[in-house]
Amino acid sequence: MTTPDPSLSGPLVLGPLVLGIETSCDETAAAVVGRDASGRAQILSNVVLSQIGEHAAFGGVVPEIAARAHAEAIGGIVSAALVEAGVALEAIGAVAATVGPGLVGGLIVGATAAKAIALPLGIPFLGINHLEGHALTPRLTDALAYPYLLLLVSGGHTQILLVEGLGRYERWGTTIDDALGEAFDKTAKLLELPHPGGPSVERMATSGDAARFSLPRPLRGEKRLDFSFSGLKTAVRQAAEAHAPLADGDVADLCAAFQRAASESVADRLALALARFRDRFPDLADPALAVAGGVAANGEIRRALTDLSARTGVRLVSPPHALCTDNAAMIAYVGLERLEAGERDAVTLPVRPRWPLDETAAPLIGFGKRGAKA
Ligand code: KG4
Ligand code: ZN
């Protein structure tokens with residue numbers, strides 16, 4: 001293992017530096033992560049190139065276009081991450097890349113690049129689960145101790161996960177149909193609001209009356225911890241059709257009603273999950289709920305979670321937005337924890353486009369919806 005040359009590194013780092021690579025969907029990302037002298041994780045660089053413009057005309061991520069764009073960008077993005085970190089390639093102690101779940105072409109590009117860097121340098125290669133990146137982000141940003149509960153709400157996933165330790169995850173709930181971000185995006189599309197839908201719906205909702213339309217609260221009160229959002233989106237469509245043509249005020253009211261129903265749904269499931277978490281770990285000194293995923297940026301959902309946290313005495317840990325959405329710092333960080341645990345992978349490790357974090361949990365929806373975004 002190579003120790004970083006202090007003359008090349010920026011902040012004082014202790015132990016190995018890990019280069020992380022993320023190419024599972026439509027972001028080409030690379031980052032360098034290490035620990036400072038106190039043992040706290042440090043992000044030395046975090047470079048993300050979004051391909052959103054390349055897919056915009058197609059209304060979703062096109063796997064072939066994504067793979068080609070990753071292949072073209074990856075070399076430059078890795079170089080940019082090293083430059084931003086102020087370290088030479090020789091200062092890197094291990095390379096970690098997302099090997100699943102995600103789009104196979106992009107995964108192959110990232111994994112191959114990581115292996116091609118690690119092999120000649122004689123340093124470890126680690127193949128990382130993208131969802132594990134999201135799951136451990138609160139440890140990277142807030143040094144959160146195990147165990148904790150995680151709400152992952154993105155365009156591709158809506159999950160409640162128990163994060164018990166490195167490699168020890170239990171999926172307590174997931175969506176039985178649409179992911180929450182997907183529901184926001186579809187609702188925006190049917191109301192003819194610009195993509196990405198979440199911020200558009202939130203913006204319109206600020207001037208809307210959430211009480212004007214009565215929308216369903218799917219699975220509310222059920223003992224299972226799963227989510228369902230497709231009925232909610234259908235109810236918005238029916239209300240929109242019944243009031244067509246829609247004035248701006250109607251759209252604002254529908255957005256407000258949708259957002260209210262979505263945040264109440266999330267709070268309802270989370271209340272149950274937190275009660276279960278407290279029962280399972282009654283002696284935990286600092287019980288915490290962490291959030292990740294693009295939808296966690298939503299102000300009303302954040303407020304609902306903040307209220308819940310105050311009511312239940314469970315601390316809410318909400319990493320900065322740029323680290324809640326797809327990035328390579330989270331992949332480098334999982335690589336660092338795994339490296340410190342003595343793990344490494346063979347350079348023959350294959351990519352794994354379908355790879356649940358909790359292998360014991362039954363799949364409820366087919367992975368691969370909406371461009372397999374995680
Ligand atoms: O985590 P993310 O950036 O990408 C992945 O899906 O992995 O999440 C993107 C999703 C999109 O569906 C977007 O509409 C949603 O997050 N989103 C929001 C907000 N900002 C982004 N949803 C609700 N309110 C927001 N403010
Ligand atoms: Zn993701």
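**Exercise 1. Find the polar contacts of ligand 1, starting from Gly-294.**

Solution. Start with the backbone: an N or O atom of Gly-294 lies 2.8 Å from an oxygen atom of ligand 1. That fits the definition of a polar contact, a pair of N or O atoms within 3.5 Å (within protein, one must be able to donate a hydrogen and the other to accept it, and residues adjacent in sequence count only if both atoms are side-chain atoms). Next, a backbone N or O atom of Gly-198 is 2.9 Å from an oxygen atom of the ligand. Then turn to a side chain: an N or O atom of Glu-202 sits 2.7 Å from a nitrogen atom of ligand 1. Finally, look at the cover: on its own, ligand 1 has 550 Å² of accessible area (Shrake-Rupley method, 1.4 Å probe; for residues, only the protein chains shown count as cover), and the protein covers 90% of it.

A word on the ground rules: this is a predicted model, where local features need pLDDT of at least 70 and side-chain atom pairs count only at pLDDT 80 or more, while totals for chains, interfaces and linings use all residues. Residues are numbered from 1 along each chain as its sequence is written, chains are lettered from A and ligands numbered from 1 in the order in which they are written, and side-chain values use heavy atoms, with hydrogens and water left out.

**Exercise 2. Describe the shell around ligand 1 by class and by helix.**

Solution. Begin with the count: 20 residues surround ligand 1, where near means a heavy atom within 4 Å. Asp-185 and Gly-155 are among those that come nearest. Now sort by class: five are nonpolar, ten polar and five charged. Here Ala, Val, Leu, Ile, Met, Phe, Trp, Tyr, Cys and Pro count as nonpolar, Asp, Glu, Lys and Arg as charged, and the others, Gly among them, as polar. Last, assign helices (DSSP runs of H or I, at least four residues; strands are E, at least two; both numbered from the N terminus). Both α5 (180-190) and α6 (197-205) supply at least two shell residues, and α6 gives the largest share, four residues.

**Exercise 3. Work out how α5 packs against α7 and α8.**

Solution. Take α7 (residues 230-242) to begin: its axis and that of α5 come within 10 Å and cross at roughly 10°. Axes are lines fitted to C-alpha atoms, for helices over the stretch in contact, with angles from 0 to 180 degrees between N-to-C directions. The two helices are therefore roughly parallel, as angles under 35 degrees count as such, over 145 as roughly antiparallel, 65 to 115 as roughly perpendicular and the rest as oblique. Lys-186, Thr-187 and Leu-190 of α5 make the contact (heavy atoms within 4.5 Å) with Lys-233, Val-236, Arg-237 and Ala-240 of α7.

Now α8 (residues 248-280): the angle with α5 is about 170° and the axes are 11 Å apart, so this pair is roughly antiparallel. Leu-180, Ala-183, Phe-184 and Thr-187 of α5 meet Phe-258, Gln-259, Ala-262 and Val-266 of α8. This contact has six nonpolar, two polar and no charged residues.
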